[in-house]
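Visitor: I'd like a close look at just one part of this thing, please. Pick a pocket and walk me round its walls.

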Amino acid sequence: MTTILEAHGIEKTFRNGDEVTEVLKGIDLDLSGGDLVALVGASGSGKSTLLSIIGLLLRPTAGTLSIGGERVDLMSDAQRALFRNKKLGFVFQFHHLLPDFTAMENVAFPAAAPAGGITRDMRQRARDLLTKVGLEDRIDFPATRLSGGQKQRVAIARALMNRPALVIADEPTGNLDRESADRVLDLLREVNTQEGATFLICTHDERVAKRCSRQVTLSDGKVIIGGV
Amino acid sequence: MFAFTVARRYLLSSLSQTFLLVCGVALGVTIFVFITALIGGLAVLLTQQVTGNSAHVSIEAAPRIARVLPGSGLREEGVALISTTQRRQIRDWPTVVALLRSQPSIVAVSPQISGNAFLVRSQAVAPVSIVAVDPQALDAISQITPKLISGTGELGADSLLIGERLAQDLGLSSGQVVLLRTDRGVDRQLTIKGIFRTGLKSLDERVAFMSLQTARPLFVLPAGVTNIEIKIKDPQKAREMASFLSGATGLRATPWQDNNLSLEDALTAQARTGSLIQIFSLASIIIGVASALVLSAYRRRSEVGIMRAYGIPKGFIIQVYLLQGLMIGLTGAVLGCLCGYGLCLWLAGITKPDGLPALPIAPDQGGYVAALVLTTLGAVIASILPARAAARVDPLEAIQQ
């Protein structure tokens, strides 16, 4: 299997005046293409910080990070933004859909904004993804008229729009009831298989973690199980 | 353009707020247009009142200047004497008149002989300024014929038109004969053909009109004229016209403003006051648009945050906010121009009991293009701050909120 992500010696320290907080203390993590990985650990273990660093939303204090063979830790802010757009997908605890747009437009947005408009291909891809997540009858619905579970499914479809190498999901079922959460999990497994994208899912939920193909456990800023 | 679609959706999503914002901009533009039209109209009215019975540009022979003449010997020099007995005149005036008539911006040309004289009736003597004109062009500069209160405006040989006050001073009426004594020492009996009332004391008390042919022997000017008076389409351009004519003819051309410097100062001060009001209107528009968009940028932080997380370029987000400013500014400006024009038209239609407009407003001088351009530009400038603020949103911070 191709290695999609290689993180070596990742450290992150936050400073607040004289106060120094060491959140990550040398993380080593490799992910292979098509992996469905659960990142677990107690609150304050550094999961969200690691996810933000891997999602190129935060820079590490030390260490190297490669995604798809590219040294993303050396990139400029503009290069990182472009990389995020082309190679990464995000699913957050809250869907963060654009309320003034339809489900289809929300899905197409990551591709449409840099291109200057929604092309026919983009529209078709967005429709296919919405069909895949079971929302073929909600394609032209405004985001505000969708239920919480439907919105999260639209967010998953949006994450896949640009055919990313890696999808980062931060507590994707955290805001959903059990039934909706199960459906979202089924969906994540399904698209992981069908789209071949690697998923890194940060979760507190053991049920979610158990349904992933691999678990990485963090404790006190270090990987204690399943890093490499 | 996708940024345009996003900007439009953002504005339409909170329709009532956008409506109020556009109304605020439109109100500012309406005030801008109203003030501009009022000041323009006032300037037109004052200029008309001042120049209605006088020329916009007066042309006369260049003043003779004393100069040093070379003497016959190497060391001798002499000073040329200026004749005080020879009248300054424009000898080749038909050529100059032809040149003036060929200018499309000149609407009236009147070659004249002007001079001083006394009107004598028995023991009564009154000083009078003679204006001798082509009888066919009596009304070219001053509208005399419509203001005749007795007699006719026919300027035949030995005819004279005088103002009402002068007639009263000398106890004259139409058809009577009076003695005219010019500053050249020539006396002649003339008939009062008509008496006019312009309402201007300077004209009604001191000026008398006669024909050029009558004036020639009286002022000893067998061929020339003393001055040529002209009216132009736009009195505000009298200075430029005078400068052009002076260069083209070599004669001295005086614009009306040079004889009314205090009015020009007053008009300038009035225009400055208007500019200040216009600046305040624009400033209030800019502040209003900026504050509304800053609020919008704050309200949409999480949306912008997710866009940034997805690597949407900062330029795109800046475009979205600048386009919102552009749409608000342009819509408000168009609406404001229409409202301003309507308001000015309505106000211009209100008349006083004497039939004259109650407000000297000129709807066509509302400065619509300036209002449109400045407001749109101002609204775009106003959106720079919120656009930059939105583009600087930290995606991580916004998503975690």
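Guide: Helices are DSSP runs of H or I with at least four residues, strands are E runs of at least two, and both are numbered from the N terminus. This is a predicted model, where local features need pLDDT of at least 70, side-chain atom pairs need 80 or more, and totals for chains, interfaces and linings use all residues. Residues count from 1 along each chain as written, chains are lettered from A and ligands numbered from 1 in written order, and side-chain values use heavy atoms without hydrogens or water.

Let's take the largest pocket (an open set on a 1 Å grid over protein atoms alone, 1.4 Å probe, protein on both sides within 12 Å along at least five of seven lines; lining atoms within 4 Å of a point). Its space comes to about 790 Å³, counted as probe spheres set on points joined across faces, edges and corners. The lining has 35 residues, and nearest the centre sit Ser54(B), Ala55(B), Gln112(B), Val131(B) and Glu229(B).

Who builds the wall? Strand E4 (106-121) of chain B is among the elements giving at least two residues each, and E4(B) gives the most, with five. Other suppliers of at least two include strand E1 (57-60), strand E5 (124-133), helix H5 (201-206) and strand E10 (207-211) of chain B. Strand E11 (227-232) and strand E12 (252-255) of chain B also make that list.

Chemically, the lining splits into 16 nonpolar, 17 polar and two charged residues (nonpolar: Ala, Val, Leu, Ile, Met, Phe, Trp, Tyr, Cys, Pro; charged: Asp, Glu, Lys, Arg; polar: the others, Gly among them).

For context, the second largest pocket has about 470 Å³. Closest to its centre, out of 24 lining residues, are Gly40(B), Ala43(B), Val44(B), Thr47(B) and Gln236(B). Helix H2 (15-51) and helix H8 (261-299) of chain B each supply at least two residues there, with H2(B) giving the most, nine. By class, that lining has eight nonpolar, 14 polar and two charged residues.
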